[in-house]
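Welcome! Take a moment to look over the sequence and turn the model around before you begin.

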Amino acid sequence: MRDLAAHPSTAHFIATKLARHFVADEPTPETVTRLETVFRNTDGDLRALTEALIEEPEIWDAPLSKFKTPNDLLISSFRALNAKNLPNKAIVSALSLMNQYPFMAPSPAGWSDQTADWMAPESLMTRIEWIRAVGKRAPVPNPLEWADSFMGPVLSDETKQTISQAESRSEAVALVFSSPEFQRK
Amino acid sequence: MPTRRHLLKCLVAGTATAAAPISLARVQAAPADEKRLVVVLLRGGMDGLAAVPPYGDAAYRRQRGDLALPAPGQDGGVIDLDGFFGLHPSLEALHAFYKRDELAVAHAVGIPYRGRSHFDAQNVLENGTMTPHSTADGWLNRAIAALAQHDTPIGLSVGANVPLIMRGDARYTTYAPQVLPVAGADFLNRIEAMYQQDPVLAKTFAEAQRSRAMKAEVLGSGRGRIGADAYYKEAFGAAGKLLADPAGPRVAILDTDGWDTHAYQGTTAGPLASQLANLAVGLEQLHDGLATTWRYSVVLVVTEFGRTAAINGSNGTDHGTGALALVLGGAVRGGRMATSWPGLATGHLFEGRDLAPATDIRAIFKTALRDHLKLPERHIEEHVFPNSRSVAGLSGLIRT
């Protein structure tokens, strides 16, 4: 194991995986090389690697380049609504509807980390339908203020305007969760 | 259609404090009062000038332009009501109610709020006061608090969540339909506009819309996987059946949305025509569900505001003021317009753009509470609609 961990390909592999997950589907070779170097210089210290990731300029240049998986979407929506004690059935049926049934990844490699595997026309519509159902159950008192509380810096003027023109609070919640800023990560 | 037993089983408690689960065992039938009241909320600002066009108004065609409906007798023409007003052809089913003297049409009604925000206007419509966000409960809840309470709650809220109008101390039950209404064209247009910031999402969404439309055309059903009127059928039909049960609830709120028609609302066909057809189907289901209790029922169909008199630049209409309300039921003295008509000539419009609100909508609500549910005047004035003494009820709207 020690030999494997020290092999240069391992550094490259781990650096690529991390960059793909946190930075972009196709991270630049520079980003991967920088992370790879940190991995080698610290003997694979994951803490140091994480810190390097946070320092990575590419992450901050394009903060919303990744597309949320259904799992990301579900967790972030419920967190934004401060929803607690949800029945397992609701969670499983939502994830199954959006094709990410828990613990049922299609291969031992796990769920895809690439936008193209999650953003397809019909699955986007399914997301929006699920989001509408959530909005109907959870209209918030002041949608614009609420959206600002968890998306403040990335919320665009276009999205703000769309939210303020929603025909009801439920629709406003649905528009917040459908927005490009919320769908991406 | 679900059976009544199934519906009763589906009833779930509204909130831990306010709602109580309905008992499955038949309790002693509630004595005396058979009166039923249903409020149907159309969120988004329903275009009353499209639903009940004043085709006899000299300014109608000029204001509405391409959105004006053909005259009665023409292909796709309005269905005449009284020689001046007519029904949108999608509401044809309501003509039977009108002919049976069970539908009164209140045009040019308005809430006591003149802003153009949906959120604030809906809040005023539901809270029963003059200002948005001034109460934590709704007027319908405060109204039923004055009725004799029985073992089971009087209130019923149909929809995914309980709207403000039914929230409060008086007990209510809830029923959540299994199907979700199909997303309205306006909602999808908003998403489309929002996605213009993100080319990849915009392209994916456009493709999704195109493929859904194609499938709907080939399969010949609605606009997507679920028929457009499935929600209306289930929600309204269920409300009727639950209300018809002698031991069930007696006052219900039915929540609908998708009435905000800023763009391409259509005329005899199109998004608004489909919505109106859904509403007509829903009201028929409600009537059928209520069965013999229809005789003792009043149904109020209301929206937060109307829309601009004139067509806008995108073949839609924008937020207006004077709105349409429908009052129907076996207990209604219908077959007529219960309307004071301000006219569509530009000089008569509110702020030069909207149908003027000639009747305070609270007059209709107060009439239903006073003449139908027989609530004490004092309770209505002090608790349900505070500071509304200047708004008199309408006489002769309810059969008493």
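Below are some short exercises, each with a worked solution.

The model is predicted, so local features need pLDDT of at least 70 and side-chain atom pairs count only at pLDDT 80 or more, while totals for chains, interfaces and linings use all residues. Residues are numbered from 1 along each chain as its sequence is written, and chains are lettered from A and ligands numbered from 1 in the order in which they are written.

**Exercise 1. Describe the overall make-up of chain A.**

Step 1: Begin with secondary structure, where helices (H or I, at least four residues) and strands (E, at least two) are DSSP runs, numbered from the N terminus. Chain A has 12 helices and 0 strands.

Step 2: Turn to the domains, whose bounds come from an automatic or database domain assignment. In chain A, domain 1 covers 2–61 and domain 2 covers 70–183. Taken over C-alpha atoms, the centres of these two domains of chain A are 29 Å apart.

Step 3: Add the dimensions. Along the principal axes, the C-alpha atoms of chain A fill a box of roughly 60 × 35 × 30 Å.

Step 4: Check burial. A residue is buried if 20 or more other C-beta atoms lie within 10 Å of its own, exposed if 12 or fewer, and partly exposed in between, with C-beta atoms placed from the backbone. Of the 185 residues in chain A, 32% are buried.

**Exercise 2. Work out how helices H9 and H10 of chain A meet.**

Step 1: Look at the axes, which are lines fitted to C-alpha atoms, for helices over the stretch in contact, with angles that run from 0 to 180 degrees between N-to-C directions. The axes of H9(A), residues 143–151, and H10(A) come within 9 Å and cross at roughly 145 degrees.

Step 2: Find the residues involved, taking two residues to be in contact if their C-beta atoms, placed from the backbone, lie within 7 Å. H9(A) contributes A:Pro143, A:Leu144 and A:Ala147, and H10(A) contributes A:Lys160, A:Ile163 and A:Ser164.

Step 3: Sort these residues by class: Ala, Val, Leu, Ile, Met, Phe, Trp, Tyr, Cys and Pro count as nonpolar, Asp, Glu, Lys and Arg as charged, and the others, Gly among them, as polar. The contact of H9(A) with H10(A) has 4 nonpolar, 1 polar and 1 charged.

**Exercise 3. Which elements of chain A give two or more residues to the side that touches chain B?**

Step 1: Size up the contact. Chain A brings 27 residues and chain B brings 27 residues.

Step 2: Locate the elements on the side of chain A. They are helix H8 (121–137), helix H10 (157–164), helix H11 (169–178) and helix H12 (180–183) of chain A. The largest share, 10 residues, is that of H8(A).

Step 3: Look at the classes. The side of chain A that touches chain B holds 10 nonpolar, 8 polar and 9 charged residues.

**Exercise 4. Trace the partners of two strands in chain B.**

Step 1: Set the scene. Chain B contains 12 helices and 12 strands, and 54% of its 400 residues are buried.

Step 2: Take strand E5 (residues 103–110) of chain B, where 8 of its 8 residues are buried. Two strands pair if DSSP finds at least two bridges between them. E5(B) pairs antiparallel with strand E10 (residues 323–328) of chain B over 5 bridges, and B:Val105 has B:Leu326 as its bridge partner in E10(B). E5(B) also runs parallel to strand E11 (residues 336–337) of chain B, with 2 bridges.

Step 3: Move to strand E6 (residues 155–158) of chain B, where B:Gly155 and B:Ser157 point one way, B:Leu156 and B:Val158 point the other way, and all are buried. E6(B) is parallel to strand E7 (residues 172–175) of chain B, joined by 4 bridges, and B:Ser157 is partnered by B:Thr174 in E7(B). E6(B) also pairs over 4 bridges with strand E8 (residues 251–256) of chain B, again in the parallel sense.

**Exercise 5. Why does B:Leu49 count as buried?**

Step 1: Place the residue. B:Leu49 belongs to helix H2 (residues 48–51) of chain B.

Step 2: Count its neighbours. B:Leu49 is classed as buried because it has 31 C-beta neighbours inside 10 Å.

Step 3: Name its contacts. Setting aside neighbours within four places in sequence, B:Leu49 touches B:Arg64, B:Gly306, B:Arg307, B:Ala309 and B:Leu355.
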